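Trainee: Could we take a close look at one part together? I would love a connected walk through it.

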Amino acid sequence: MIPFIDVLLGTVITSFSIIILASFMALMMDFLFPSFKKWTRMILFFIILTVALKPAFEHFILIRDIAYSVSMMFIAVYPILTATMIAAGGAFSLLNFQPAMLLFANGAVVLTEKLLIPLLTTALLLDVGTRLLPDVPFTKLAEIIRTTLIGLVSAVVAAYSIFITVGGTMSWALSGLASEPLKELVQQNIPLIGSFMTESLGSIGRYSSGVSVFVGGWLISSIWTVALVPSMKTLLTALFYRWTAALIEPFADEDITGLLDDIGKTLFVLCAISFLIAFAFIYTALFSVILIKLLTTMK
Amino acid sequence: MARDGLMFILLQIIVVFLLLLLIAFVVPKLQSLLYTSIFFIVLFYLLTTVIFPFGRTFVRLFESLPNPFAKLLIGSAILFLLSEIISEHIEEAGYRSLATLSHFVIKITILLLWVNQTTNLIEILSSLITK
(Lines give C-alpha, C1' and ligand atoms only; values in the text may rest on other atoms or scores of the structure.)
Protein backbone atom coordinates (compact mmCIF):
# COMPACT_ATOMS: atom_id res chain seq x y z
CA MET A 1 0.00 0.00 0.00
CA ILE A 2 2.84 2.41 0.84
CA PRO A 3 4.58 2.14 -2.58
CA PHE A 4 1.19 2.65 -4.17
CA ILE A 5 0.67 5.90 -2.29
CA ASP A 6 4.25 6.85 -3.07
CA VAL A 7 3.66 6.44 -6.78
CA LEU A 8 0.43 8.35 -6.46
CA LEU A 9 1.83 11.30 -4.54
CA GLY A 10 5.57 11.17 -5.23
CA THR A 11 5.58 13.80 -7.95
CA VAL A 12 3.25 16.01 -5.96
CA ILE A 13 5.48 15.97 -2.89
CA THR A 14 8.50 16.70 -5.08
CA SER A 15 6.91 19.76 -6.59
CA PHE A 16 5.89 21.09 -3.20
CA SER A 17 9.35 20.70 -1.74
CA ILE A 18 10.58 22.57 -4.82
CA ILE A 19 8.22 25.41 -3.97
CA ILE A 20 9.49 25.58 -0.41
CA LEU A 21 13.14 25.51 -1.54
CA ALA A 22 12.48 28.14 -4.18
CA SER A 23 11.00 30.53 -1.66
CA PHE A 24 14.11 30.08 0.51
CA MET A 25 16.20 30.88 -2.51
CA ALA A 26 14.17 34.01 -3.19
CA LEU A 27 14.71 35.07 0.41
CA MET A 28 18.49 34.84 -0.04
CA MET A 29 18.35 36.70 -3.34
CA ASP A 30 16.35 39.52 -1.77
CA PHE A 31 19.07 39.97 0.81
CA LEU A 32 21.88 40.00 -1.76
CA PHE A 33 20.32 41.95 -4.59
CA PRO A 34 17.72 44.33 -3.23
CA SER A 35 17.55 46.20 -6.53
CA PHE A 36 16.54 42.94 -8.20
CA LYS A 37 13.75 42.35 -5.69
CA LYS A 38 10.82 42.89 -8.00
CA TRP A 39 12.24 40.48 -10.53
CA THR A 40 13.15 37.91 -7.91
CA ARG A 41 9.49 37.92 -6.97
CA MET A 42 8.46 37.54 -10.58
CA ILE A 43 10.89 34.69 -11.11
CA LEU A 44 9.77 32.96 -7.95
CA PHE A 45 6.23 33.33 -9.19
CA PHE A 46 7.34 31.89 -12.46
CA ILE A 47 9.01 28.84 -10.89
CA ILE A 48 5.94 28.23 -8.78
CA LEU A 49 3.67 28.54 -11.78
CA THR A 50 5.67 26.02 -13.81
CA VAL A 51 6.08 23.63 -10.91
CA ALA A 52 2.78 24.02 -9.08
CA LEU A 53 0.44 24.34 -12.00
CA LYS A 54 1.67 21.06 -13.43
CA PRO A 55 0.05 18.73 -10.83
CA ALA A 56 -3.10 20.84 -10.91
CA PHE A 57 -3.36 20.70 -14.67
CA GLU A 58 -2.50 17.02 -14.66
CA HIS A 59 -5.54 16.52 -12.47
CA PHE A 60 -7.70 18.60 -14.76
CA ILE A 61 -6.59 16.54 -17.73
CA LEU A 62 -7.00 13.29 -15.76
CA ILE A 63 -10.56 14.10 -14.73
CA ARG A 64 -11.40 15.33 -18.20
CA ASP A 65 -10.12 12.10 -19.73
CA ILE A 66 -12.05 10.02 -17.22
CA ALA A 67 -15.19 12.01 -17.97
CA TYR A 68 -14.65 11.47 -21.66
CA SER A 69 -14.14 7.71 -21.35
CA VAL A 70 -17.08 7.32 -18.97
CA SER A 71 -19.36 9.17 -21.37
CA MET A 72 -18.10 6.96 -24.20
CA MET A 73 -18.89 3.96 -22.01
CA PHE A 74 -22.42 5.25 -21.49
CA ILE A 75 -22.95 5.73 -25.18
CA ALA A 76 -21.69 2.22 -25.88
CA VAL A 77 -23.55 0.50 -23.07
CA TYR A 78 -26.85 2.35 -23.04
CA PRO A 79 -28.53 0.75 -26.10
CA ILE A 80 -27.42 -2.74 -25.04
CA LEU A 81 -28.65 -2.15 -21.53
CA THR A 82 -32.07 -0.94 -22.59
CA ALA A 83 -32.44 -3.71 -25.15
CA THR A 84 -31.54 -6.45 -22.70
CA MET A 85 -33.75 -4.83 -20.14
CA ILE A 86 -36.72 -5.17 -22.44
CA ALA A 87 -35.69 -8.74 -23.22
CA ALA A 88 -35.30 -9.67 -19.58
CA GLY A 89 -38.79 -8.49 -18.84
CA GLY A 90 -39.89 -8.87 -15.27
CA ALA A 91 -36.47 -9.36 -13.72
CA PHE A 92 -35.97 -5.66 -13.39
CA SER A 93 -38.92 -4.99 -11.20
CA LEU A 94 -36.63 -6.45 -8.53
CA LEU A 95 -34.45 -3.39 -8.70
CA ASN A 96 -37.01 -0.73 -9.43
CA PHE A 97 -34.75 0.52 -12.13
CA GLN A 98 -35.56 3.80 -13.86
CA PRO A 99 -34.13 4.00 -17.39
CA ALA A 100 -34.19 7.78 -17.06
CA MET A 101 -31.53 7.44 -14.41
CA LEU A 102 -28.99 6.12 -16.85
CA LEU A 103 -29.64 8.97 -19.24
CA PHE A 104 -29.36 11.30 -16.32
CA ALA A 105 -25.96 9.93 -15.38
CA ASN A 106 -24.82 10.29 -18.97
CA GLY A 107 -26.04 13.87 -18.99
CA ALA A 108 -24.07 14.63 -15.86
CA VAL A 109 -20.88 13.29 -17.37
CA VAL A 110 -21.34 15.27 -20.58
CA LEU A 111 -22.02 18.34 -18.46
CA THR A 112 -18.76 17.73 -16.61
CA GLU A 113 -16.77 17.29 -19.75
CA LYS A 114 -18.16 20.20 -21.71
CA LEU A 115 -18.95 22.77 -19.04
CA LEU A 116 -17.66 22.15 -15.54
CA ILE A 117 -13.99 21.50 -16.22
CA PRO A 118 -13.51 24.38 -18.70
CA LEU A 119 -15.24 26.71 -16.22
CA LEU A 120 -12.99 25.49 -13.43
CA THR A 121 -9.90 26.01 -15.57
CA THR A 122 -11.13 29.53 -16.25
CA ALA A 123 -11.44 30.14 -12.52
CA LEU A 124 -7.89 28.92 -11.99
CA LEU A 125 -6.50 31.11 -14.76
CA LEU A 126 -8.41 34.11 -13.41
CA ASP A 127 -6.75 33.51 -10.04
CA VAL A 128 -3.32 33.34 -11.63
CA GLY A 129 -4.05 36.51 -13.59
CA THR A 130 -5.13 38.29 -10.44
CA ARG A 131 -1.93 37.36 -8.64
CA LEU A 132 0.25 38.33 -11.59
CA LEU A 133 -1.39 41.69 -12.08
CA PRO A 134 -2.88 42.76 -8.76
CA ASP A 135 -4.18 45.95 -10.38
CA VAL A 136 -6.70 44.00 -12.45
CA PRO A 137 -8.35 41.68 -9.91
CA PHE A 138 -10.79 38.93 -10.84
CA THR A 139 -11.08 37.33 -7.40
CA LYS A 140 -14.85 37.82 -7.15
CA LEU A 141 -15.45 36.31 -10.57
CA ALA A 142 -13.33 33.24 -9.78
CA GLU A 143 -15.13 32.84 -6.46
CA ILE A 144 -18.54 33.08 -8.15
CA ILE A 145 -17.54 30.45 -10.70
CA ARG A 146 -16.38 28.10 -7.96
CA THR A 147 -19.46 28.49 -5.76
CA THR A 148 -21.76 28.11 -8.76
CA LEU A 149 -20.04 24.88 -9.74
CA ILE A 150 -20.27 23.53 -6.20
CA GLY A 151 -23.97 24.37 -6.17
CA LEU A 152 -24.54 22.72 -9.53
CA VAL A 153 -22.70 19.55 -8.59
CA SER A 154 -24.41 19.16 -5.26
CA ALA A 155 -27.79 19.69 -6.94
CA VAL A 156 -27.03 16.91 -9.41
CA VAL A 157 -25.93 14.57 -6.65
CA ALA A 158 -29.03 15.37 -4.61
CA ALA A 159 -31.13 14.52 -7.64
CA TYR A 160 -29.28 11.24 -7.98
CA SER A 161 -29.89 10.22 -4.43
CA ILE A 162 -33.58 11.08 -4.78
CA PHE A 163 -33.79 8.93 -7.88
CA ILE A 164 -32.07 6.06 -6.14
CA THR A 165 -33.92 6.14 -2.84
CA VAL A 166 -37.31 6.53 -4.52
CA GLY A 167 -36.90 2.94 -5.71
CA GLY A 168 -37.13 1.72 -2.14
CA THR A 169 -34.99 -1.39 -2.56
CA MET A 170 -31.88 0.30 -1.25
CA SER A 171 -31.22 0.65 2.41
CA TRP A 172 -28.25 2.10 4.23
CA ALA A 173 -26.54 -0.94 5.67
CA LEU A 174 -23.95 0.77 7.86
CA SER A 175 -25.35 1.67 11.21
CA GLY A 176 -25.97 5.38 11.36
CA LEU A 177 -24.74 5.61 14.92
CA ALA A 178 -21.27 4.35 14.06
CA SER A 179 -20.70 6.48 10.98
CA GLU A 180 -22.07 9.76 12.35
CA PRO A 181 -18.97 10.96 14.27
CA LEU A 182 -16.75 10.04 11.31
CA LYS A 183 -18.99 12.06 9.02
CA GLU A 184 -18.77 15.00 11.38
CA LEU A 185 -14.96 14.76 11.39
CA VAL A 186 -14.74 14.80 7.59
CA GLN A 187 -17.18 17.69 7.36
CA GLN A 188 -15.16 19.75 9.80
CA ASN A 189 -11.73 19.11 8.33
CA ILE A 190 -12.07 19.25 4.59
CA PRO A 191 -12.87 22.82 3.62
CA LEU A 192 -15.60 23.67 1.11
CA ILE A 193 -16.63 20.18 0.06
CA GLY A 194 -16.50 18.16 3.27
CA SER A 195 -20.23 17.88 3.85
CA PHE A 196 -20.80 17.33 0.16
CA MET A 197 -18.35 14.43 0.23
CA THR A 198 -19.95 12.65 3.14
CA GLU A 199 -23.40 13.10 1.63
CA SER A 200 -22.46 11.75 -1.78
CA LEU A 201 -20.46 8.89 -0.32
CA GLY A 202 -23.47 8.11 1.81
CA SER A 203 -25.80 7.94 -1.16
CA ILE A 204 -23.35 5.82 -3.16
CA GLY A 205 -23.08 3.52 -0.17
CA ARG A 206 -26.82 3.38 0.19
CA TYR A 207 -27.17 2.31 -3.39
CA SER A 208 -24.39 -0.24 -3.42
CA SER A 209 -25.36 -1.83 -0.12
CA GLY A 210 -28.77 -2.56 -1.59
CA VAL A 211 -27.15 -4.02 -4.66
CA SER A 212 -24.54 -6.11 -2.87
CA VAL A 213 -27.08 -8.88 -2.46
CA PHE A 214 -26.85 -9.45 -6.19
CA VAL A 215 -23.25 -8.56 -6.89
CA GLY A 216 -21.12 -9.62 -3.97
CA GLY A 217 -18.97 -7.55 -1.67
CA TRP A 218 -15.58 -7.87 -3.32
CA LEU A 219 -16.84 -6.68 -6.68
CA ILE A 220 -18.53 -3.69 -5.10
CA SER A 221 -15.40 -2.77 -3.22
CA SER A 222 -13.26 -3.06 -6.34
CA ILE A 223 -15.66 -0.87 -8.30
CA TRP A 224 -15.58 1.64 -5.46
CA THR A 225 -11.79 1.67 -5.48
CA VAL A 226 -11.53 2.14 -9.23
CA ALA A 227 -14.08 4.92 -9.19
CA LEU A 228 -12.78 6.77 -6.17
CA VAL A 229 -8.99 6.66 -6.64
CA PRO A 230 -8.89 9.73 -8.94
CA SER A 231 -11.11 11.68 -6.54
CA MET A 232 -8.98 10.74 -3.55
CA LYS A 233 -5.80 11.67 -5.41
CA THR A 234 -7.25 15.04 -6.34
CA LEU A 235 -8.34 15.61 -2.77
CA LEU A 236 -4.90 14.80 -1.38
CA THR A 237 -3.23 17.08 -3.91
CA ALA A 238 -5.57 19.90 -2.98
CA LEU A 239 -4.73 19.40 0.68
CA PHE A 240 -1.04 19.46 -0.22
CA TYR A 241 -1.48 22.87 -1.84
CA ARG A 242 -3.05 24.22 1.30
CA TRP A 243 -0.35 22.70 3.53
CA THR A 244 2.40 24.15 1.38
CA ALA A 245 0.75 27.56 1.53
CA ALA A 246 0.59 27.28 5.31
CA LEU A 247 4.24 26.14 5.52
CA ILE A 248 5.76 28.92 3.44
CA GLU A 249 3.56 31.71 4.77
CA PRO A 250 6.14 33.04 7.29
CA PHE A 251 8.84 33.76 4.74
CA ALA A 252 7.15 34.00 1.37
CA ASP A 253 5.14 36.69 -0.32
CA GLU A 254 1.45 37.12 0.30
CA ASP A 255 0.92 36.60 -3.43
CA ILE A 256 2.46 33.17 -3.55
CA THR A 257 0.65 31.73 -0.55
CA GLY A 258 -2.56 33.23 -1.90
CA LEU A 259 -2.02 31.62 -5.28
CA LEU A 260 -1.36 28.21 -3.74
CA ASP A 261 -4.46 28.59 -1.61
CA ASP A 262 -6.55 29.46 -4.64
CA ILE A 263 -5.25 26.48 -6.61
CA GLY A 264 -6.12 24.30 -3.61
CA LYS A 265 -9.65 25.68 -3.53
CA THR A 266 -10.11 25.07 -7.24
CA LEU A 267 -8.88 21.51 -6.85
CA PHE A 268 -11.41 20.93 -4.07
CA VAL A 269 -14.14 21.86 -6.51
CA LEU A 270 -12.55 19.58 -9.11
CA CYS A 271 -12.65 16.81 -6.51
CA ALA A 272 -16.37 17.40 -6.06
CA ILE A 273 -16.85 17.13 -9.81
CA SER A 274 -14.86 13.92 -9.92
CA PHE A 275 -17.18 12.56 -7.24
CA LEU A 276 -20.02 13.17 -9.64
CA ILE A 277 -18.24 11.15 -12.31
CA ALA A 278 -17.39 8.41 -9.82
CA PHE A 279 -21.03 8.30 -8.91
CA ALA A 280 -22.13 7.87 -12.50
CA PHE A 281 -19.43 5.28 -13.07
CA ILE A 282 -20.39 3.23 -10.02
CA TYR A 283 -24.00 3.32 -11.02
CA THR A 284 -23.37 2.13 -14.56
CA ALA A 285 -20.81 -0.49 -13.59
CA LEU A 286 -23.00 -1.99 -10.90
CA PHE A 287 -25.97 -1.92 -13.16
CA SER A 288 -24.17 -3.72 -15.97
CA VAL A 289 -22.89 -6.32 -13.54
CA ILE A 290 -26.39 -6.94 -12.17
CA LEU A 291 -27.73 -7.19 -15.67
CA ILE A 292 -25.18 -9.80 -16.67
CA LYS A 293 -25.80 -11.75 -13.47
CA LEU A 294 -29.54 -11.71 -13.96
CA LEU A 295 -29.29 -12.72 -17.58
CA THR A 296 -26.96 -15.60 -16.84
CA THR A 297 -28.89 -16.92 -13.83
CA MET A 298 -32.41 -16.46 -15.20
CA LYS A 299 -32.11 -19.33 -17.64
CA MET B 1 40.21 30.96 6.19
CA ALA B 2 37.40 32.45 4.15
CA ARG B 3 36.98 35.24 6.67
CA ASP B 4 40.68 36.08 6.46
CA GLY B 5 40.37 36.23 2.69
CA LEU B 6 37.43 38.61 2.96
CA MET B 7 39.33 40.86 5.41
CA PHE B 8 42.22 40.90 2.98
CA ILE B 9 39.88 41.95 0.19
CA LEU B 10 38.49 44.75 2.35
CA LEU B 11 42.04 45.92 2.97
CA GLN B 12 42.76 45.84 -0.74
CA ILE B 13 39.70 47.97 -1.43
CA ILE B 14 40.85 50.51 1.14
CA VAL B 15 44.28 50.60 -0.52
CA VAL B 16 42.63 51.19 -3.88
CA PHE B 17 40.56 53.96 -2.39
CA LEU B 18 43.70 55.61 -1.00
CA LEU B 19 45.38 55.22 -4.38
CA LEU B 20 42.44 56.95 -6.04
CA LEU B 21 42.63 59.81 -3.56
CA LEU B 22 46.32 60.10 -4.32
CA ILE B 23 45.64 60.17 -8.09
CA ALA B 24 43.07 62.91 -7.61
CA PHE B 25 45.72 64.92 -5.82
CA VAL B 26 48.65 64.27 -8.16
CA VAL B 27 47.18 64.12 -11.66
CA PRO B 28 43.69 65.69 -11.51
CA LYS B 29 43.45 65.81 -15.32
CA LEU B 30 43.84 62.06 -15.73
CA GLN B 31 41.65 61.27 -12.75
CA SER B 32 38.56 59.91 -14.54
CA LEU B 33 40.60 57.79 -16.93
CA LEU B 34 42.70 56.24 -14.19
CA TYR B 35 39.65 55.82 -11.98
CA THR B 36 37.87 53.89 -14.70
CA SER B 37 40.78 51.57 -15.38
CA ILE B 38 41.42 50.90 -11.70
CA PHE B 39 37.71 50.38 -11.14
CA PHE B 40 37.51 47.72 -13.81
CA ILE B 41 40.63 45.97 -12.55
CA VAL B 42 39.14 45.82 -9.06
CA LEU B 43 35.79 44.73 -10.46
CA PHE B 44 37.26 41.78 -12.35
CA TYR B 45 39.45 40.85 -9.41
CA LEU B 46 36.41 40.75 -7.13
CA LEU B 47 34.41 38.86 -9.73
CA THR B 48 36.96 36.08 -9.89
CA THR B 49 37.71 35.89 -6.18
CA VAL B 50 34.34 36.51 -4.53
CA ILE B 51 31.32 36.74 -6.76
CA PHE B 52 31.79 33.77 -9.07
CA PRO B 53 32.80 31.35 -6.29
CA PHE B 54 29.75 32.51 -4.38
CA GLY B 55 27.59 31.91 -7.44
CA ARG B 56 28.94 28.38 -7.69
CA THR B 57 28.21 27.78 -3.98
CA PHE B 58 24.72 29.11 -4.44
CA VAL B 59 24.07 26.84 -7.40
CA ARG B 60 25.37 23.85 -5.46
CA LEU B 61 23.18 24.81 -2.51
CA PHE B 62 20.03 24.69 -4.60
CA GLU B 63 21.09 21.78 -6.76
CA SER B 64 17.90 19.87 -6.06
CA LEU B 65 15.71 22.48 -7.71
CA PRO B 66 14.79 21.78 -11.35
CA ASN B 67 18.02 22.30 -13.18
CA PRO B 68 18.17 25.70 -14.85
CA PHE B 69 16.30 27.72 -12.25
CA ALA B 70 18.94 28.34 -9.56
CA LYS B 71 21.63 28.95 -12.17
CA LEU B 72 19.41 31.26 -14.15
CA LEU B 73 18.29 33.22 -11.14
CA ILE B 74 21.75 33.83 -9.69
CA GLY B 75 23.19 34.41 -13.15
CA SER B 76 20.62 36.96 -14.14
CA ALA B 77 20.82 38.71 -10.76
CA ILE B 78 24.62 39.00 -11.01
CA LEU B 79 24.35 40.20 -14.60
CA PHE B 80 21.76 42.77 -13.57
CA LEU B 81 23.94 44.00 -10.72
CA LEU B 82 27.04 44.25 -12.92
CA SER B 83 25.16 46.08 -15.61
CA GLU B 84 23.76 48.45 -13.01
CA ILE B 85 27.24 49.15 -11.62
CA ILE B 86 28.78 49.69 -15.03
CA SER B 87 25.99 51.90 -16.28
CA GLU B 88 26.19 53.92 -13.07
CA HIS B 89 29.87 54.32 -13.70
CA ILE B 90 29.24 55.53 -17.24
CA GLU B 91 26.59 57.88 -15.91
CA GLU B 92 29.03 59.34 -13.39
CA ALA B 93 31.36 60.13 -16.26
CA GLY B 94 28.51 62.11 -17.78
CA TYR B 95 27.30 59.82 -20.58
CA ARG B 96 23.81 59.19 -19.36
CA SER B 97 22.24 57.96 -22.58
CA LEU B 98 25.03 55.42 -23.12
CA ALA B 99 24.42 54.14 -19.58
CA THR B 100 20.71 53.68 -20.27
CA LEU B 101 21.50 51.92 -23.51
CA SER B 102 23.94 49.43 -21.97
CA HIS B 103 21.53 48.67 -19.13
CA PHE B 104 18.71 48.11 -21.58
CA VAL B 105 20.78 45.74 -23.70
CA ILE B 106 21.76 43.71 -20.64
CA LYS B 107 18.11 43.50 -19.64
CA ILE B 108 17.27 42.05 -23.03
CA THR B 109 20.11 39.53 -22.59
CA ILE B 110 18.67 38.46 -19.25
CA LEU B 111 15.24 38.03 -20.80
CA LEU B 112 16.75 35.92 -23.58
CA LEU B 113 18.24 33.63 -20.94
CA TRP B 114 14.71 32.92 -19.73
CA VAL B 115 13.18 32.23 -23.13
CA ASN B 116 13.27 28.42 -22.81
CA GLN B 117 11.49 28.45 -19.47
CA THR B 118 8.89 30.90 -20.72
CA THR B 119 8.23 28.65 -23.68
CA ASN B 120 7.61 25.74 -21.31
CA LEU B 121 5.13 27.72 -19.26
CA ILE B 122 3.31 29.01 -22.31
CA GLU B 123 3.11 25.46 -23.67
CA ILE B 124 1.55 24.22 -20.44
CA LEU B 125 -1.00 27.01 -20.56
CA SER B 126 -1.80 26.63 -24.24
CA SER B 127 -2.26 22.87 -23.88
CA LEU B 128 -5.48 23.84 -22.13
CA ILE B 129 -6.65 26.14 -24.88
CA THR B 130 -6.19 23.83 -27.85
CA LYS B 131 -8.40 20.89 -27.27
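Leaving aside its neighbours within four places in sequence, which residues is Thr257(A) in contact with?

Mentor: Happy to help! This is a predicted model, in which local features need pLDDT of at least 70, side-chain atom pairs count only at pLDDT 80 or more, and totals for chains, interfaces and linings use all residues. Residues are numbered from 1 along each chain as its sequence is written, chains are lettered from A and ligands numbered from 1 in the order written, and side-chain values use heavy atoms, without hydrogens and water.

Now to your residue. Beyond its neighbours within four places in sequence, Thr257(A) is in contact (heavy atoms within 4.5 Å) with Ala245(A), Ile248(A) and Glu249(A). Thr257(A) belongs to helix α8, residues 254-298 of chain A; helices here are DSSP runs of H or I, at least four residues, numbered from the N terminus. With a relative accessible area of 9%, Thr257(A) is buried, a word that means under 20% with a 1.4 Å probe and protein chains only. The Thr257(A) side chain also reaches the backbone oxygen of Glu254(A), at 2.9 Å.

Stepping out to the chains, the contact takes 25 residues from chain A and 25 from chain B. About 2400 Å² is buried between the two chains, with carbon and sulfur atoms giving 88% of that area; buried area is the accessible area (1.4 Å probe) that two parts lose on being put together, summed over both. Between chain B and chain A, the count of salt bridges (a side-chain nitrogen of Lys or Arg within 4 Å of a carboxyl oxygen of Asp or Glu) is zero.

How values were computed: Helices (H or I, at least four residues) and strands (E, at least two) are DSSP runs, numbered from the N terminus. Buried means under 20% relative accessible area, exposed over 50%, partly exposed in between (1.4 Å probe, protein chains only). A polar contact is a pair of N or O atoms within 3.5 Å; within protein, one must be able to donate a hydrogen and the other to accept it, and residues adjacent in sequence count only if both atoms are side-chain atoms.
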